Amino acid sequence: MCAINGCNFEDKELILRMNRKNAHRGPDGSGVFLSEGVSLGHNRLKIIDLSEAASQPMKTKDERCIVVFNGEIYNFRELRKELEGEFHFQSVSDTEVILASYAKWGNECLSHFSGMFAFAIWDKKEKKIFAARDHTGIKPFYYFWDGEKFFFSSEIKSILEGGVPRILNVEAMNLYFSLLYVPSPLTLFEGILKLPPGNFLELSGKKFRVEKYFEGRACPEKLSLVESAQRVRESLEMAVEAELVSDRPVGVYLSGGLDSNAVLSAVRKASNHAPKTFSLGFEVDTPQMEEKFNADFRLARESSKYFQTDHREVIFKKEEVVSLFQKFIFHIDEPVAIPTGLSMLKLGGEAKKEVAVVLGGNGGDELFGGYERYHLSYIASLYQKFVPGFLRKQAERNTKLKKLNTPAGVDRFLLFMEHEKATLKGFIHPEYCLPDTTRNFFLPKFSSWQKAEKGKSNIPFELEFMDVDRETWVPDESLTLADKMSMASGLELRVPMLNQRVIQTALTIPLSQKVSFFDKKIVLKEAFLGHIPNFLFKEPKRGWFSPGSFWLRTLGMKSFAQDVFQNPPEGAEEIFDMKKVREMLEDHLEHRKYYLNSIWPLLSFLCWMKEYKITLPQK
């Protein structure tokens, strides 16, 4: 796990500045490669092959190809055996396997990799930059291309070192306030884009293209629950065994949820050593808050006893909020507006003191139907299937029943995922408020359901819902937080639930084994029954929530937020009705109304504008 940087011209001072800007991602070494037509930079976090032979940028023996790589190729040993007869290896690293694979298969090398990766190769013979991002988007890849200059990096802040204008992307801003994150390929910076998951790009001279190489879609098979459960457990156990490869200590993030316990179960099966586990709890003021925010923390303690792990408990103290919030804004590049980001930053910093790698449970909800939104959508589908249309029409005067009548497709997706438009209009000035942006962005992703009243999709809507979440929410919200908040401390976070093997298995599972009228995550529960503590199956589904509302009302964060809203960065008053914003803050602080889902995104956005010196587009 590392940081990669580059541009399509030779500039030593620039590439060194880019390296310095994201050096926290790779504290164990730094290197550059310079040639006519390219500059490549790398910051190294040593995980596999700790020798200098594995340093980057790495060249082939004939010096035709040079690579900078961030991530891990979990099947590198198998690929190495296949390639040893044709390629002279000089290290035992997975980085060199990427070079050998590209030398043999060219762009098709991507179909051979199992792992998490973002890399760029300079092909000296072809005078071409070839770059790619992993199938799921676990590792970030940002780029800028204006027809002349090309920059890429693991983090936006390094691209800005090239003098790229810091202009606000208004479309992305509307998506941010609607979704609380910005989906690929957009960023909040005009002209800076994310390479979407499962895509590669090529730049040769002025010929530039982005192309998709992987698209996983639900393809349910006729399987019994027992067969499905066995497939799921075996795929996760194989993924975990592969992802334990490391020449440095590996730990596990442990919660009271099913996903992290399933991962830990697989870790214990694959290893005889008691792993270090890490969980986070919160300093709170009342028994009610203790139950709401620390129940998961206490369950993790009991799970650690069951699995006999070397457990570490981290406590987030309320006086840490302001400093961690400011650190969060710097590291996230563009805000993801949920308070849990601060918790991840705190946990990553503590875990790094003892391990170099951690395994997390990200992805289980999206793959196996764990979120309440899938459950409620399933109920809506049943309601529309079995309740006659004339009765549904009469029932629309009831708000809840009206929601149940929302047709499958983009409108139902937005019912669960989009922030209230009325709230947005309340504080964003009309010239900056684009209320149809989110619907227009997601409409093409539900192509088979665009005319739901006329036909049906080949698969249940809820499976398509999960597919879209996996393409957008997972890489651009969940994994962005996971990557940036762990790498802020130079910690590698691996997510075996999102291993290709597990994803391909999950795509074959029928909806009835994921979600029913009464239950969620059915197949995953069946898969690990008897393998994780029985008491976990009796617990309700809990998200990993952070006490953001409580934090805002603590003295330090309260004063901080009031100061930011009273003295906003330049340009903010052109976008927002700051008088209304200040009123919302005071209403929330005084318990008159609950505005956390507006205030936290606003506070994050304003602090981001100031940190990154954002300018507004010319009218």
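These legends go with close-up views of a predicted model.

**View 1. Two cis prolines, both sitting in loops.**
Most peptide bonds are trans, and most residues other than glycine have a negative phi. The first cis peptide bond here is the one between Gln-56 and Pro-57, with omega at about -5°. Pro-57 belongs to the loop that runs between strand E3 (38-44) and strand E4 (58-59). Another cis bond joins Ser-184 to Pro-185, and its omega is about 5°. For Pro-185, the setting is the loop between helix H5 (170-179) and strand E10 (192-194).

**View 2. Positive phi at Glu-63 and Lys-521.**
Glu-63 isn't a glycine, yet its phi is positive, about 60°. You'll find Glu-63 in the loop between E4 and strand E5 (65-73). Its relative accessibility is 41%, so Glu-63 counts as partly exposed. Lys-521 also has a positive phi, near 55°, and is likewise a residue other than glycine. The loop in question for Lys-521 is the one between helix H20 (500-506) and helix H21 (522-528). Buried or exposed, then, for Lys-521? Buried, because its relative accessible area is 7%, where the cut-off for buried is under 20%.

**View 3. Helix H3, mostly covered.**
H3 takes in residues 94-105, which makes 12 residues. At 1.5 Å a residue the expected span is 16 Å, and the end C-alpha atoms are 16 Å apart, so the two agree. How many of the 12 residues are buried? The count is 10, and among them are Asp-94, Glu-96, Leu-99, Tyr-102 and Trp-105. The buried residues of H3 pack against a mix of elements: strands E4, E5, E6 (115-123) and E7 (128-133), plus helix H2 (76-83). Right after H3 comes Gly-106, with a positive phi near 60°.

**View 4. H23 crossing H26.**
Two packed helices are described by the angle between their axes and the distance between the axes. For helix H23 (residues 555-566) and helix H26 (residues 596-611), the angle is about 65° and the axes are 10 Å apart. The crossing is left-handed. On the H23 side, Met-557, Phe-560, Ala-561, Val-564 and Phe-565 make the contact. Across from them, H26 brings in Ile-599, Trp-600, Leu-602, Leu-603, Leu-606 and Cys-607. What sort of residues are these in the contact of H23 with H26? The split is 11 nonpolar, no polar and no charged.

**View 5. Two of the aromatic pairs, and a ring cluster.**
The structure holds 45 aromatic pairs. One of them, Phe-113 with Phe-119, is edge-to-face, at 6.2 Å centre to centre and 80° between the planes. Phe-113 and Phe-119 are both buried. In the pair of Phe-413 and Phe-442, the ring centres are 4.7 Å apart and the planes meet at 45°, so this one is tilted. Phe-413 lies in helix H15 (residues 410-417) and Phe-442 in helix H17 (residues 437-442), so the pair ties together parts that are 29 residues apart in sequence. Phe-413 is buried at 1% relative accessibility, and Phe-442 is buried at 0%. Ring pairs also link Phe-413 and Phe-442 into a cluster, whose other members include Tyr-181, Tyr-371, Tyr-374, Phe-461 and Trp-473.

**View 6. Around Phe-368.**
Phe-368 is in helix H11 (residues 364-368) and is buried, with a relative accessible area of 1%. What does Phe-368 touch, not counting residues up to four places away in sequence? The list is Val-232, Met-497, Val-502, Ala-506, Lys-514, Lys-521, Val-523 and Leu-524. One of these, Lys-521, is the buried lysine of View 2. As for Tyr-142, this residue is 226 residues from Phe-368 in sequence, and their C-alpha atoms are 29 Å apart in space.

**View 7. Around Arg-470.**
Helix H18 (residues 461-471) holds Arg-470, and this arginine is buried, at 8% relative accessible area. Leaving aside neighbours within four places in sequence, Arg-470 is in contact with Gly-216, Arg-217, Leu-367, Pro-475, Ile-503 and Leu-507. Pro-444 is 26 residues from Arg-470 along the chain, and the C-alpha atoms of the two are separated by 15 Å.

Definitions and conventions
Residues numbered from 1 in each chain as written. Predicted model: local features only at pLDDT ≥ 70, side-chain atom pairs only at ≥ 80, totals over all residues. Heavy atoms only, no water. Helix = DSSP H or I, 4+ residues; strand = E, 2+ residues; numbered from the N terminus. Buried < 20%, exposed > 50% of the residue type's maximum accessible area, 1.4 Å probe, protein only. Axes fitted to C-alpha atoms, helices over the stretch in contact; angles between N-to-C directions. Left-handed = near helix turned anticlockwise from the far one by under 90°. Contact = heavy atoms within 4.5 Å. Nonpolar A, V, L, I, M, F, W, Y, C, P; charged D, E, K, R; others polar. Expected span 1.5 Å × (residues − 1). Phe/Tyr/Trp six-rings, centres within 6.5 Å; stacked < 30°, edge-to-face > 60°.
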